Amino acid sequence: MSGLPTRKAARDLLDATLEHRRPLEEALEQLPKRLDPRDRAAAHRIAAAVLRRLGSIDEVLSPFLRRDPPPPARHALRIGAAELLLLDTPPHAAVATAVALAPKAFAGLVNAVLRKVAAEGPAALEGLDAPRLDTPAWLWSAWHAAYGPAVRAIAEAHRGPAPLDLTPAPGATPPEGAEVLPTGSWRFAAGTRVTDLPGFAEGQFWVQDAAAALPALLLKPQVGERVADLCAAPGGKTAQLAAAGAEVTAVERDAGRVARLAENLARLRLPATIVQADAAAWAAPEPFDAILLDAPCTATGTIRRHPDVAHGKRPRDVPAAAEAQSRLLGAAAAMLKPGGRIVFATCSLQPEEGEAHLARAATLGLAHDPFGTEELAGLTEAITPSGCLRTRPDFWGTRGGMDGFFAARFRRVG
Ligand SMILES: C[S@@+](CC[C@H](N)C(=O)[O-])C[C@H]1O[C@@H](n2cnc3c(N)ncnc32)[C@H](O)[C@@H]1O
């Protein structure tokens, strides 16, 4: 049946992310190599739509189900409902492929339920509190505690696909269709393929969310300075530091990601010394002038781009990530020259992985060096009263939003 390979792949992506809590990117890499690239892209689009709107889809389906069907049937129903309600698939195709996808014993149920969804689903969807339903309850509570009523705008920003943001190499001119953002990034509509843009092969730019470009800017790397980029792959920030003329040492633990980092820098023709090591245990040959620590985190600031994160993370992942970040910050402080500066960053919206590190830094001989609003023209709302960077997905809402990032700058005392 035409269209079935796409839906089978979408089901495999949902099974990997929702039943096994594996990252969507990893699940995409594990799809069969023989799958046509167009089927792969379509499967990604369907799975991402289900993951973004999971709570709403399940709410629309629930009145038509007497009991919860097993995962293969449940995913067939979710895929069918997403196609009917969100993706404008012709109803007969959405229903027929979902029926073919379902285990035989559930084909009748999937057929009956999706026919009802086709008829009654659009009205049911209208009446739902989608931002709340599509946000796991623990994240909603945590963001409400941290950001108050803005939790709703954050959740709304997670509803659709994010635009493509690029960081330009020095002197590069924006390709046609780019929106040049106040912080210097270039923005293209969601769905734009970076490899199709003129200048890609020549290394004129690299993919990096507008917010992800800010920590390296705020470190203010200088020509000839020795700068370490700890936790470096895939290398967006390494590239920024090298493009600014710093002598960069990029430290990355994961062998596969080291290879990607090297590939990216080669395309961009930017130099860096790459070290494969655990940054928390690595012995730097000599102290650095400056360090960028883009620490591993729960990544709850990147849900627009990675909707699986909302479902893959659990509350207990937050203190575990914060603990690992503290260890890395301690190791980084010891690698700095006296007076040297460090920018600590995470792409998490959880304060435990951001603001809470200020107190810990003070015990490591690091003095907070607050950002001034003049350092971030066009995005002053991202500088907090205490001088940290805090971006949120709802910032620049009319322009397509940005990832949620935290960053703070410190200087080593003595
Ligand atoms: C948030 S990503 C970094 C993104 C990167 N800075 C960029 O801008 O492209 C975190 C990276 O840290 C790496 N990592 C995690 N723990 C590490 C450790 N202890 N030492 C070195 N790298 C680590 C991960 O493999 C991952 O590639």
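**Figure 1. Residues annotated as a binding site in the predicted model**. In an unreviewed UniProt entry, the annotation "binding site" takes in Cys231, Ala232, Ala233, Pro234, Gly235, Gly236, Lys237, Glu252, Asp278 and Asp294. The coordinates shown here and in the views that follow belong to a predicted model, for which the mean pLDDT of the protein is 97, with 100% of the residues scoring at least 70. The model scores are an ipTM of 0.99 and a pTM of 0.96.

**Figure 2. Close-up of Ala233, one of the residues in the annotated site**. Ala233 lies in the loop that runs between strand 5 (226–230) and helix 12 (236–243). Because 23 C-beta neighbours fall inside 10 Å of Ala233, this residue counts as buried. When the neighbours within four places in sequence are set aside, the contacts of Ala233 are Glu252, Asp254, Arg257, Val258, Arg260 and Leu261; among these partners, Glu252 is itself covered by the "binding site" annotation of the unreviewed UniProt entry.

**Figure 3. Close-up of Gly236 in helix 12**. Gly236, which is also listed under the "binding site" annotation in the unreviewed UniProt entry, belongs to helix 12. Gly236 is classed as buried because 20 other C-beta atoms are found within 10 Å, and a residue needs 20 or more to be given that class. Apart from neighbours within four places in sequence, Gly236 makes contact with Thr167, Trp206, Gln208 and Ala212. Of these partners, Thr167 falls within strand 1 (residues 164–168), and Trp206 falls within strand 4 (205–207).

**Figure 4. The open sheet of 4 strands**. The strands of this open sheet are arranged in the order 2-3-1-4, and their pairing is antiparallel. Strand 2 (179–180) and strand 4 (205–207) form the edges, each of them pairing on one side only. Strand 1 (residues 164–168) is joined to strand 3 (residues 186–188) by 3 bridges in the antiparallel sense, and Leu166 stands opposite Trp186 of strand 3.

**Figure 5. Close-up of Ala157 in helix 10**. Ala157 is placed in helix 10, which spans residues 150–157, and it is buried because 23 other C-beta atoms lie within 10 Å. With neighbours within four places in sequence left out, Ala157 is in contact with Arg304, Pro393, Asp394, Gly397 and Gly401. The C-alpha atoms of Ala157 and Phe395 are separated by 9.0 Å, although the two residues are 238 residues apart along the chain.

**Figure 6. The annotated domain and its setting in the whole protein**. The unreviewed UniProt entry assigns residues 139–413 to "domain: SAM-dependent MTase RsmB/NOP-type". Across residues 139–413 the chain is 27% helix and 21% strand, and the C-alpha atoms at the two ends are 36 Å apart. The protein contains 16 helices and 12 strands; its radius of gyration is 23 Å, close to the 22 Å that the globule rule gives for 414 residues, so the protein is as compact as a globular protein of that length. Taken along the principal axes, the C-alpha atoms fill a box of roughly 70 × 45 × 40 Å. Buried residues account for 46% of the 414 residues, and among contacts with a separation of 6 or more, 71% are between residues 24 or more positions apart.

Terms used
Residues numbered from 1 in each chain as written. Predicted model: local features only at pLDDT ≥ 70, side-chain atom pairs only at ≥ 80, totals over all residues. UniProt positions renumbered as here; feature names shortened; annotations may be inferred. Buried ≥ 20, exposed ≤ 12 C-beta atoms within 10 Å, placed from the backbone. Contact = placed C-beta atoms within 7 Å. pLDDT = per-residue confidence, 0-100. Pairing = 2+ DSSP bridges. Rg over C-alpha atoms; globule rule 2.2 N^0.38 Å.
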